[in-house]
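Work through the exercises below with the sequence and coordinates open. Each task is followed by a solution in steps.

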Amino acid sequence: MKHMTAGDYETALKELETQRDNPAAQNYIGVCFMMKGDYDQAETFLRKAEKNGDQYASINLEHIRQAKRIEF
């Protein structure tokens, strides 16, 4: 989390990689990709997290939908 809050998404992704099967980690991976602007990758991980029961993934998916609507 400290890397995510510091904006160091690459390091956060490397650390989260070891927990790829954990729904919370899938959500955080999705958030990292979302913050990097890679919405397709973000959606992939957030959908996995949502399917596996992470309660925040659907909220983050909505953030992506909103961001896509306002992109130029």
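The exercises cover helix packing and salt bridges in this predicted model.

**Exercise 1.** Determine how helix H2 and helix H3 are oriented relative to each other, and which residues form their contact.

Solution.
- Step 1. H2 spans residues 9–16 and H3 spans residues 23–35; the two pack at an angle of about 160 degrees, and their axes are 10 Å apart.
- Step 2. Angles over 145 degrees count as roughly antiparallel. H2 is therefore roughly antiparallel to H3.
- Step 3. The crossing of H2 past H3 is left-handed.
- Step 4. On the H2 side the contact holds Tyr9, Ala12, Leu13 and Leu16, and on the H3 side Ala25, Tyr28, Ile29, Cys32, Phe33 and Met35.
- Step 5. Sorted by class, the residues of this contact give ten nonpolar, no polar and no charged.

**Exercise 2.** Do the same for H3 and helix H5: find the orientation and the make-up of the contact.

Solution.
- Step 1. H5 covers residues 57–70; its axis and that of H3 come within 10 Å and cross at roughly 15 degrees.
- Step 2. Angles under 35 degrees count as roughly parallel. This is why H3 is classed as roughly parallel to H5.
- Step 3. H3 and H5 cross in a left-handed sense.
- Step 4. H3 contributes Asn27, Val31 and Met34, which meet Ala57, Asn60, His63 and Ile64 of H5.
- Step 5. The class count for the contact of H3 with H5 is four nonpolar, three polar and no charged residues.

**Exercise 3.** Describe the surroundings of lysine 68. Is lysine 68 buried, partly exposed or exposed?

Solution.
- Step 1. Lysine 68 is located in helix H5.
- Step 2. Its relative accessibility is 37%, so lysine 68 counts as partly exposed. The class lies between the limits of 20% and 50%.
- Step 3. With neighbours within four places in sequence left aside, lysine 68 is in contact with Tyr39, Asp40 and Glu43.
- Step 4. For tyrosine 39, which is 29 residues away along the chain, the C-alpha to C-alpha separation from lysine 68 is 8.3 Å.

**Exercise 4.** Which salt bridges does lysine 68 form with aspartate 40 and glutamate 43, and what parts of the chain do they link?

Solution.
- Step 1. Aspartate 40 and lysine 68 meet through their side chains in a salt bridge, with an N to O distance of 4.0 Å. This pair links distant parts of the chain, 28 residues apart: aspartate 40 is in helix H4 (residues 39–51) and lysine 68 is in helix H5.
- Step 2. Aspartate 40 has a relative accessible area of 55% and is exposed.
- Step 3. Glutamate 43 also has a salt bridge with lysine 68, at 2.6 Å from N to O. Because glutamate 43 lies in H4 and lysine 68 in H5, the pair ties together parts that are 25 residues apart in sequence.
- Step 4. The relative accessibility of glutamate 43 is 13%, so glutamate 43 counts as buried.
- Step 5. Through shared partners, salt bridges join Asp40, Glu43, Arg47 and Lys68 into one network.

**Exercise 5.** How many salt bridges does the whole structure hold? Characterise the pair of arginine 20 and glutamate 17.

Solution.
- Step 1. The search of the whole structure yields seven salt bridges.
- Step 2. Arginine 20 and glutamate 17 form a salt bridge whose closest N and O atoms are 2.7 Å apart.
- Step 3. Arginine 20 is partly exposed, at 35% relative accessible area.
- Step 4. Glutamate 17 is partly exposed, at 40%.

Conventions
Residues numbered from 1 in each chain as written. Predicted model: local features only at pLDDT ≥ 70, side-chain atom pairs only at ≥ 80, totals over all residues. Heavy atoms only, no water. Axes fitted to C-alpha atoms, helices over the stretch in contact; angles between N-to-C directions. Helix = DSSP H or I, 4+ residues; strand = E, 2+ residues; numbered from the N terminus. Parallel < 35°, antiparallel > 145°, perpendicular 65-115°, else oblique. Left-handed = near helix turned anticlockwise from the far one by under 90°. Contact = heavy atoms within 4.5 Å. Nonpolar A, V, L, I, M, F, W, Y, C, P; charged D, E, K, R; others polar. Buried < 20%, exposed > 50% of the residue type's maximum accessible area, 1.4 Å probe, protein only.
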